[in-house]
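Work through the following exercises with the sequence and the model at hand, and try each task before reading its solution.

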Amino acid sequence: MKAPFLLLAVASIVKAEYWLEEIQHRGVSPYSGSPTYQVFRDVRQFGAIGDGVHDDTDAIQRAISNQTRCGGMSGCSGSTKTPATVYFPPGTYLISKPLIDYYYTQLIGDPNDMPVLKAASTFPRFQDGAGIINGDEYMNSPMLEFGATNVFYRQIRNLVFDTRAVAGSVNAIHWPSSQATSIQNCVFYLSSNFEYQHTGIFIEGGSGGTMSDLVFNGGKWGARFGNQQYTMRNLTFTGCETAIHQIWNWGWTYKSLNINQCKVGLNMSSLDVGSVTVLDSVFNNVTIAMVTGRNDTTGRGSLMTENVNYTNTNVVLMGPKDTALLLGNPQGKVTARGYASGNLYAPYGPVSYNGGDGAYFHQPWALKDGWKYYERSKPQYEDWDVGQILSARDVGAAGDGKTDDTKALNRLFNQSSSNEQIAFIDAGHYIVTDTVYIPGGTRIVGEALAAIIIGSGEKLSDMNSPYPVVEIGKRGEVGIVEISDVIVSTRGPAAGAVLIEFNLNCPVSGANGSDPPIKQFGNRPSGLWDVHVRIGGYDGSRLQAAECPTTPNQVDYVNPNCIGAYMSMHITPSAKNLYMENCWFWTADHDMDDPLNNATQVSVFAGRGLLVDNAVNIWLVGTAAEHHTLYQYQILNSTNIFIAQAQTETPYHQPNPPAPAPFYKLNTTIYDPDFTFDCNSTAYFEEFYINDSMGDNLPGAPPCAMAWGMRILGSSNVVAYGMGLYSFFNNYNVECSQVAKGNEICQARIFWLGPILQDSTLGRLHDLDPPLGPNATHLGGRLRNVTTDISVYNLATVGSVSMVTRLGTDVADWLQNRATFATALAVFKF
């Protein structure tokens with residue numbers, strides 16, 4: 001039962017303590033090398049006072065670095081062995097020099113009374129990007145300690161940053177970052193003297209990532225962002241000279257921006273900007289809402305906005321040479337349903353487009369909450385008390401990487417859901433040898449992004465008999481779940497493992513459906529936040545450099561002991577209403593715990609990434625899927641799918657061996673791609689040819705039997721606001737993606753859209769590869785579930801000659817859409 005209402009009467013005097021601070025902390029790290037390794041660290045235990053007077057810098061740094069962790073000029077390139085949550089109770093912590101953040105660290109404050117990190121007046125001025133928190137330290141050479149694209153599994157949340165005492169240039173946070181990273185629920189107080197050049201968050205590299213629920217006050221720049229891609233949601237800026245300075249990117253998605261009383265809202269004038277998407281946002285009393293540098297017909301500087309309101313704004317969009325491209329109303333309101341500037345394919349092109357034709361901005365209302373697309377932040381249960389928390393340790397789960405914890409975890413989820421408790425999974429490696437079932441009504445929180453459920457054993461070994469590691473609901477079950485900060489993995493060979501199977505039908509009334517809501521959770525979809533899949537590449541996985549070295553000189557070799565999974569996640573046909581944010585499905589390309597600290601590459605095989613299968617109402621916000629053999633994402637026969645900045649990478653070993661190796665047997669029930677069929681220009685039903693517009697004669701003769709980044713088959717009402725589909729390697733060699741040399745030939749195709757065809761002659765199912773024409777009816781009724789209402793905005797690719805393959809025809813190629821290192825295509829309509 002939640003805290004009594006009586007406590008609210010004295011809330012101004014005594015604030016409820018956060019349950020995370022109060023619970024017994026029993027997290028373990030089996031590979032840390034110390035049986036007494038401390039995962040949870042309260043900064044007060046290391047001498048921090050938090051009175052705003054004493055210098056707490058050294059004490060906090062001790063809390064971060066204690067027990068030989070990875071960071072601090074140690075030469076460590078990355079490690080999963082020493083995770084930590086560094087907790088800040090309420091107070092004001094005086095900081096006199098940058099706090100160096102270590103690898104695999106979560107910096108968390110009390111959400112009920114957010115602690116303040118206040119820069120002292122003596123805080124050093126801007127040097128190499130350092131801030132109050134320095135997320136990645138520059139070494140003596142001009143290199144970051146951790147490669148920016150390999151900085152994973154870290155968070156900052158529930159903190160206030162105050163730099164106003166510093167009379168000079170300063171950042172609050174320096175955050176080079178990549179997948180499975182986030183900053184949530186933070187406030188920034190920056191100097192209103194713009195000559196001091198204060199910045200809230202500075203990012204200059206990486207491959208992110210998400211941020212949400214941030215408030216910036218003052219500053220020359222609220223934030224300065226440069227990264228391959230990012231998804232950012234619910235950011236508020238007030239009184240900045242420039243709210244957002246977009247330094248560079250390949251693709252960026254902003255949702256629910258609130259920009260108030262700033263001179264410039266979003267400056268994306270740099271010629272190193274690939275694309276920017278702005279959704280569901282508001283600009284109030286802003287002189288210039290956005291500035292673009294786009295001045296040619298390439299893909300560079302692509303911009304797409306949708307559902308944006310401008311109030312008392314002089315200029316909506318300023319172009320090069322101070323040319324006003326879109327005017328606002330300095331004493332009124334302008335509402336833009338949609339606008340795009342960039343290359344348009346509808347479905348053919350390119351057309352250099354600048355406009356807001358409503359036909360190009362399809363918005364499925366079933367995915368909306370009022371006028372905006374549905375969104376929800378990771379719950380922190382700040383109003384729950386410690387008695388409502390059930391720990392994995394309370395039910396006997398060891399998490400030691402040795403004990404079979406299958407039964408204990410099943411007890412945990414059954415008891416917590418029955419008693420309306422939060423299931424808290426203490427940090428640890430939980431070995432399971434059978435399916436772990438999570439029933440509807442379950443709330444789960446993992447500790448330190450180090451609560452790892454690891455499937456192992458005979459039941460997961462047969463790729464001809466897929467078997468779930470974690471099953472969320474039974475097929476046909478009605479219910480709702482909320483899960484955050486959990487990793488699902490495998491140990492050793494597990495060729496039949498489906499790491500997460502999601503089956504729940506979550507009834508939601510109102511805009512998203514007519515079913516009655518589940519009362520104890522409210523009227524909202526199920527949610528997964530920071531629920532990741534990690535296949536290999538870490539201590540305890542038995543799929544590391546020692547077991548699974550790369551084999552570039554062995555033709556088509558697959559080590560059967562390095563087949564780590566059948567599929568990362570399957571959203572099944574019974575699933576409905578699921579919101580996912582910042583979820584990363586990763587088949588390891590390198591060893592994060594490499595003893596040589598070289599991030600040595602590995603050859604680990606997993607068949608499929610994320611399959612959305614006949615599902616309804618799915619939100620994929622800031623997700624990524626990488627290095628799966630057949631595809632990274634497949635949207636199959638599904639309806640109402642929202643995507644915000646999906647990111648993929650093709651396996652580095654391909655085409656040695658080529659796809660589908662080692663998953664040769666196609667699973668026709670889930671429409672596996674048939675690469676033999678797809679890659680041959682053979683006659684099809686007498687009239688059509690696969691890719692008959694270009695055949696196999698794509699420039700540079702790129703390999704075809706390569707994993708798909710995205711397949712959308714037989715689906716409707718799919719909207720994608722930013723996608724980055726990348727292919728960097730052929731057989732571990734990057735020569736195929738050297739844009740400066742004119743090379744984008746790592747693979748022929750990467751993004752496939754089309755309906756589904758039943759081929760009764762061959763007795764199996766195929767995607768419809770040839771273009772549909774007036775003779776399509778000759779296919780004898782075999783055409784099923786025609787793909788309709790597909791809208792893709794700001795698509796970026798690397799290494800693929802064709803950017804879009806529609807109904808078997810390559811309709812957009814990379815040369816037409818050259819931008820930065822990646823391409824950029826502003827609008828594609830199916």
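**Exercise 1. Locate Asp322, and decide whether Asp322 is buried or exposed.**

Solution. Asp322 is placed in the loop between β20 (302–319) and β21, where strands are DSSP runs of E with at least two residues, helices are DSSP runs of H or I with at least four residues, and both are numbered from the N terminus. The next step is the backbone: Asp322 is not a glycine, yet its phi is positive, at about 55°. Finally, with a relative accessible area of 67%, Asp322 is exposed; exposed means over 50% relative accessible area, buried under 20%, and partly exposed in between, with a 1.4 Å probe and protein chains only.

Before going on, note that this is a predicted model, in which local features need pLDDT of at least 70 and side-chain atom pairs count only at pLDDT 80 or more, while totals for chains, interfaces and linings use all residues. Residues are numbered from 1 along each chain as its sequence is written, and side-chain values use heavy atoms, with hydrogens and water left out.

**Exercise 2. Describe strand β13 through Asp213 and Thr210.**

Solution. Begin with Asp213, which is found in strand β13 and has a positive phi, near 60°, in a residue other than glycine. Asp213 has a relative accessible area of 16% and is therefore buried. Thr210 also has its place in β13, which covers residues 210–217, and at 5% relative accessibility Thr210 counts as buried. Next, list the contacts of Thr210 (heavy atoms within 4.5 Å): leaving aside residues up to four places away in sequence, Thr210 touches Thr181, Ser182, Ile183, Tyr230, Thr231, Asn582 and Gly622. By contrast, Asn667, 457 residues from Thr210 along the chain, has its C-alpha atom 34 Å from that of Thr210.

**Exercise 3. Which peptide bonds are cis, at Gly209 and at Pro347?**

Solution. The bond joining Gly208 and Gly209 is cis, with omega about 10°, and Gly209 lies in the loop between β12 (198–203) and β13. The bond from Ala346 to Pro347 is likewise cis, with omega near -5°, and Pro347 belongs to the loop between β21 (323–345) and β22 (351–355).

**Exercise 4. Which residues of helix α2 are buried, and what covers them?**

Solution. Within α2 (residues 57–65), the buried residues include Thr57, Ala59, Ile60, Gln61, Ala63 and Ile64. An α-helix has 3.6 residues a turn, so residues three or four places apart point the same way. The cover over the buried residues of α2 includes β1 (40–42), β2 (51–55), β3 (84–88), β4 (92–95), β5 (99–100) and β6 (105–109). After α2 comes Gln67, with a positive phi near 75°.

**Exercise 5. Characterise the whole chain, and state where confidence is low.**

Solution. The protein chain has four helices and 57 strands. Its radius of gyration, taken over C-alpha atoms, is 26 Å, close to the 28 Å that the globule rule (2.2 Å times the number of residues to the power 0.38) gives for 830 residues, so the chain is as compact as a globular protein of that length. Buried residues make up 66% of the 830 residues. As for confidence, pLDDT (the predictor's confidence in each residue, from 0 to 100) averages 91 over the chain, and 90% of the residues score at least 70. Residues 1–13 stay under 50, and the model gives them eight contacts beyond four places in sequence. Residues 760–783 are also below 50, but this stretch has 68 contacts beyond near neighbours in sequence.
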